[in-house]
Amino acid sequence: MRIGFSVPQFGPFADPGRSAAMCAALEALGCHSLWVADRLLAPLTPPDGYAGGKPMPVRYGTHLDPLLALSVAATATERVRLGSSTLNALWQPPLVLARALTTLDLISRGRLDVGLGLGWMREEYEAAGVPWKERGARLEETLDVLEAVWRSETVVHTGRLWTVPESTVLPKPVQGPRPPILLGGFTPPALERVGRRADGWLAASMPLPYFEGLWAVAVEAAERAGRDPAGLRRVFRVNPEVTAAEADPSEVHERGTVRQICDHLRVMCRAGNDEVLVDLQLTTDSPGEFLDLAAAFMAELAEPVPG
């Protein structure tokens, strides 16, 4: 199992110097990857779609830009993979996005995983000046432009939303033909898109029956597209609420002792290219506590699957 952690970028960790030192320390623990997230704002009234109408965590209102935070992580580390889980793909034109991601792949010397999603918060789309409707179609064309920029010597694209005249767009990423693209989402259309055109799924820790139903959609879509679903990566994000006492078994996909949460993650990670992403920024308040808990997760996740 591959083990990743969040890049410190929210709340008390929204400091580039602190984040750089913590990224270096996380790499020294032996983890495989570091991941940024993407927030523009934190509404003071509960936004639609967040945790059953609960208020968003206050610390989401203090955040570092994800791509710049990933640049900090790239310069502070040498080995770990660097990804976004997830970068909201539609808040900037795809050619601008391609330029930024190419630069990150160059800065990191070919360690970038491009994790893209649509987000879920209408308020952020409104603030960014991007239409909420037809998000799926915008993502499809965004992926078309990224593919054109990264795979073609001469870049040209004519679509419903964007036009790129026949052009030279250099440099190209270190990774060829392009950096891996992973897509987030938890609806049948999102999983169909994963199976049809992505390199993997940015998933989450969840009850197993729900996960199995979603993953079946991606498998079927990959097979219809003539692709091998066994080659798709799965990255299971967990934002754990770590407790001292054992939680109810129905909650262990997100809440419980370190061992309970890790037992559930080990059951989910069955394929050789599966990975977990542990985000500790809502659980801890200091770098020392963050790193101690990261070490505890590393030690637990190194153990084999129970039974």
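Rings of Phe, Tyr and Trp, the six-membered ring in the case of Trp, pair if their centres lie within 6.5 Å. The close-up views below are taken from a predicted model.

**Figure 1. The aromatic cluster built from F186, W201, F211, W215 and F236.**
These five residues, F186, W201, F211, W215 and F236, belong to one cluster. The model holds eight aromatic pairs by the ring-centre rule. In one of them W201 and F211 are stacked, with 6.1 Å from centre to centre and 5° between the planes. W201 belongs to strand β9 and F211 to helix α7 (residues 208-224), and 10 residues separate them along the chain. W201 is also stacked with W215, here at 5.9 Å centre to centre and with 10° between the planes. Because W201 lies in strand β9 and W215 in helix α7, this pair ties together parts that are 14 residues apart in sequence. The cut-off for a buried residue is under 20% relative accessible area. W201 has a relative accessible area of 0%, so W201 is buried. F211 is buried as well, at 6%, and W215 is buried at 12%.

**Figure 2. Arginine side chains over tryptophan rings, at W215 and at W132.**
R234 lies over the face of W215, 4.9 Å from the ring centre. W215 is a member of the aromatic cluster of Figure 1. At W132, the charged end of R135 sits over the ring at 3.7 Å from its centre.

**Figure 3. The largest pocket, with a volume of about 1700 Å³.**
The lining of this pocket is made up of 49 residues, and those closest to the pocket centre are Y50, W120, F186, R237 and N239. F186 is also part of the aromatic cluster. Two or more lining residues come from each of α5 (135-151), α6 (188-197), β9 (200-204), β10 (233-238) and β11 (241-242). Sorted by class, the lining contains 24 nonpolar, 14 polar and 11 charged residues.

**Figure 4. The second largest pocket, with about 160 Å³ of space.**
D38, R39, L40, H63, D65, P66, L67, L87, N88, W91 and Q92 form the lining. At least two of the lining residues come from α2 (66-76), and at least two from β4 (87-88). Five lining residues are nonpolar, three are polar and three are charged.

**Figure 5. The largest nonpolar core and a second, separate core.**
In soluble globular proteins, nonpolar side chains tend to be buried together. The largest nonpolar core in this model has 75 residues, and F5, L34, L116, W201 and F297 have the most contacts inside it. Helix α5 gives the most to this core, namely seven residues. A second core of six residues is separate from it and includes A37, M56, Y60 and M121. W201, listed among the residues with the most contacts in the largest core, is the residue that stacks with F211 in Figure 1.

**Figure 6. Helix α8 (residues 258-268) and its surroundings.**
Helix α8 is largely enclosed by the rest of the structure, because eight of its 11 residues are buried. The buried residues are V258, Q260, I261, C262, H264, L265, R266 and M268.

**Figure 7. Two cis peptide bonds, L170 to P171 and G176 to P177.**
The bond that joins L170 and P171 is cis, with omega about 0°. P171 is found in the loop between β7 (163-167) and β8 (181-184). The bond that joins G176 and P177 is cis too, and its omega is about 0°. P177 is likewise placed in the loop between β7 and β8.

**Figure 8. Positive phi at R109 and at E134.**
R109 is not a glycine, yet its phi is positive, at about 60°. R109 is in the loop between α3 (94-107) and β5 (112-117). The cut-off for an exposed residue is over 50% relative accessible area, and R109, at 53%, is therefore exposed. E134 is not a glycine either, and it has a positive phi of about 60°. E134 is placed in the loop between α4 (122-128) and α5. With a relative accessible area of 51%, E134 is exposed.

Methods
Residues numbered from 1 in each chain as written. Predicted model: local features only at pLDDT ≥ 70, side-chain atom pairs only at ≥ 80, totals over all residues. Heavy atoms only, no water. 1 Å grid on protein atoms, 1.4 Å probe; cavity = no way out; pocket = protein on both sides within 12 Å on 5 of 7 lines; lining within 4 Å. Points joined across faces, edges and corners; volume = space filled by probe spheres on them. Helix = DSSP H or I, 4+ residues; strand = E, 2+ residues; numbered from the N terminus. Nonpolar A, V, L, I, M, F, W, Y, C, P; charged D, E, K, R; others polar. Phe/Tyr/Trp six-rings, centres within 6.5 Å; stacked < 30°, edge-to-face > 60°. Buried < 20%, exposed > 50% of the residue type's maximum accessible area, 1.4 Å probe, protein only. Lys NZ or Arg CZ within 6 Å of the ring centre and 35° of its normal. Core = buried A, V, L, I, M, F, W, Y, C linked by side-chain atoms within 4.5 Å.
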